Amino acid sequence: MRAVVIDRFGGPEELHEVTDRAVPQPRSGQLQVKVIATGLNPLDYKQRDGSSKSMAHLTAGDFPIALGRECSGTISALGPGVTGWEVGEEVMAFCNDVTDGSYAEYVCTPADMTTRIPAGGDPVKLAGLPIAGFTAWTSVHERARVQAGEKVLIHGGSGGVGQFLVQLCVRAGAEVWATASTRNQDRLRELGVHHPIDYRTQDWQTLVPQVDVVLDTVYFGTFEPSLDHLRPGGRIVVLPSLADLTPATKRGIEASIPGLHPMPAVMDELARDVTSGALDLEIAEVLPLSEVARAHRMLEEGHTRGKLIATL
Ligand SMILES: NC(=O)c1ccc[n+]([C@@H]2O[C@H](COP(=O)([O-])OP(=O)(O)OC[C@H]3O[C@@H](n4cnc5c(N)ncnc54)[C@H](OP(=O)(O)O)[C@@H]3O)[C@@H](O)[C@H]2O)c1
């Protein structure tokens, strides 16, 4: 099959196309999916350069590897013992095999982390939903437990995850402060942010009061100062998984980093909400998989607005 692979950890130039990669076969509990599109995430470049802890166990013998942690596509085979799914159904899914990811024509996905595309849903757009949508949902509802009337500060409100964080907090009835650069201030307002902050021209520390919750997609330069803005009983959720939470826990502040786990009902609801327009999933750009190295460079610059998606 066709795939974009890396032969070693390194820069975006390591990503190259092959046409003779073996099609992965579904194991117990897995679905084989013929990929339509793959969502791109900062995690992809951290896995590409080897800095992600998730790649620490790999050895030279594991290469070449295909990256890609989320996709949409059509079910092409069921693993042994898998029931409740039909070949031909359109789905979106998390792809958790770090050597055989979704930068490929076929990928195997855990059935319990795969979601049917709702009627009328756009599979290309929905390829960008699983990671950003679920991470935002679990951050807001499981980790921070945001309640109506609470004050919430969101660092990075215009990014892939940030836009969902904003919308979910606004929907929960919170009062939201969110940061982004100058060009994204209108987007913050469109999403319902009550107090947009331009981190390039304004000092958020002088504008943000004591809040109940901080949702921090940036971490570098924002995490420690945010602790001074939390009320007693406040919660902070940090997105980058390499974050050191010790400065918070030392002060007795509840701090956590979200992870991915199966919650099929939540994924169904998110897919329906994006399809109906109840949640807006902004697409920064849809590009062909052959240009994925360019997307990695954009992600590494850290200023994409919404999601980048690659089509097969
Ligand atoms: N723990 C998990 O399971 C998990 C899941 C998903 C993502 N993540 C991590 O969460 C982080 C964000 O992911 P993402 O997909 O949302 O990234 P993204 O789509 O690349 O978004 C980055 C956003 O950060 C904003 N930004 C950059 N510097 C900023 C600053 N100093 N202050 C405020 N905003 C700033 C940018 O806005 P401007 O252009 O306006 O600057 C941009 O919109 C990444 O580190 C990612 O690896 C973790």
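Here are some short exercises, each with a worked solution, on the predicted model shown above.

**Exercise 1. Which residues are closest to the ligand, and how many residues surround it?**

Solution. Start with the count: 25 residues surround the ligand. The closest are Lys46, Ser181, Asn184, Tyr199 and His303. Now sort the shell by class, and you get 10 nonpolar, 13 polar and 2 charged residues.

Next, see where the shell comes from. At least two of its residues are supplied by each of α1 (42-48), α3 (130-143), α4 (160-171) and β10 (175-180). Zoom out to the domains: domain 1 (3-129 + 281-311) and domain 2 (133-256) each give the shell at least three residues.

**Exercise 2. Which atoms of Tyr199, Leu239 and Gly159 lie 2.4 Å, 3.0 Å and 3.1 Å from the ligand?**

Solution. Take the residues in turn. For Tyr199, a polar side-chain atom sits 2.4 Å from an oxygen atom of the ligand. For Gly159, look at the backbone instead: an N or O atom there is 3.1 Å from a ligand oxygen atom. Leu239 also uses a backbone N or O atom, and its partner is a nitrogen atom of the ligand, 3.0 Å away.

Then check how well the ligand is covered. On its own, the ligand has 930 Å² of accessible area, and the protein covers 86% of that.

**Exercise 3. Where does the largest nonpolar core lie with respect to domain 1 and domain 2?**

Solution. First, get to know the core: it has 40 residues. Those with the most contacts inside it are Leu129, Val146, Val152, Ile154, Phe164, Cys169 and Leu215.

Second, list the elements that give it two or more residues. They are β6 (90-94), α3, β9 (151-155), α4, β10, β12 (211-216) and α9 (264-276).

Third, bring in the domains. Domain 1 (3-129 + 281-311) and domain 2 (133-256) both contribute residues, so this core lies between them. As background, nonpolar side chains in soluble globular proteins tend to be buried together.

**Exercise 4. Is α3 mostly covered or mostly open, and what comes after it?**

Solution. Count the buried residues of α3: there are 11 among its 14, so the helix is mostly covered, with buried meaning under 20% relative accessible area. Reading along, the buried ones are Pro130, Ile131, Ala132, Gly133, Phe134, Thr135, Ala136, Trp137, Thr138, Ser139 and Val140.

Now step past the helix. Arg145 follows α3, and its phi is positive. That angle is near 50°, in a residue other than glycine. Arg145 belongs to the loop between α3 and β9, and its relative accessible area of 36% makes it partly exposed.

**Exercise 5. In which loops do you find Tyr219 and Pro64?**

Solution. Go to Tyr219 in the loop between β12 and α7 (223-227). Its phi is near 75°, again a positive value in a residue other than glycine. Tyr219 has 15% relative accessibility, so it counts as buried.

Then move to Pro64, in the loop between α1 and β4 (65-66). The feature to spot there is the cis peptide bond joining Phe63 and Pro64, with omega about 0°.

**Exercise 6. Are Ala295 and Ala265 buried or exposed?**

Solution. Begin with Ala295, which has its place in helix α10 (residues 292-301). With 0% relative accessibility, Ala295 is buried. Turn to Ala265 in helix α9. At 60% it is exposed, because the cut-off for that is over 50%.

Add some distances while you're there. Ala295 and Gly234 are 61 residues apart along the chain, and their C-alpha atoms are 36 Å apart. Ala265 and Thr115 are 150 residues apart in sequence, with 9.0 Å between their C-alpha atoms.

**Exercise 7. How many residues apart in sequence are Lys34 and Leu312, and how many separate Val161 and Asp280?**

Solution. Find Lys34 in strand β3 (residues 30-40); at 35% relative accessibility, Lys34 is partly exposed. Lys34 and Leu312 are 278 residues apart in sequence, and 9.6 Å apart in space from C-alpha to C-alpha.

Finish with Val161, in helix α4. Its 19% relative accessibility puts Val161 among the buried residues. Val161 and Asp280 are 119 residues apart in sequence, and their C-alpha atoms are 12 Å apart in space.

Conventions: Residues numbered from 1 in each chain as written. Predicted model: local features only at pLDDT ≥ 70, side-chain atom pairs only at ≥ 80, totals over all residues. Heavy atoms only, no water. Near = heavy atom within 4 Å. Polar contact = N/O pair within 3.5 Å; in protein donor to acceptor, adjacent residues only side chain to side chain. Areas by Shrake-Rupley, 256 points an atom, 1.4 Å probe, with all protein chains shown as cover. Helix = DSSP H or I, 4+ residues; strand = E, 2+ residues; numbered from the N terminus. Nonpolar A, V, L, I, M, F, W, Y, C, P; charged D, E, K, R; others polar. Domains from an automatic or database assignment. Core = buried A, V, L, I, M, F, W, Y, C linked by side-chain atoms within 4.5 Å. Buried < 20%, exposed > 50% of the residue type's maximum accessible area, 1.4 Å probe, protein only.
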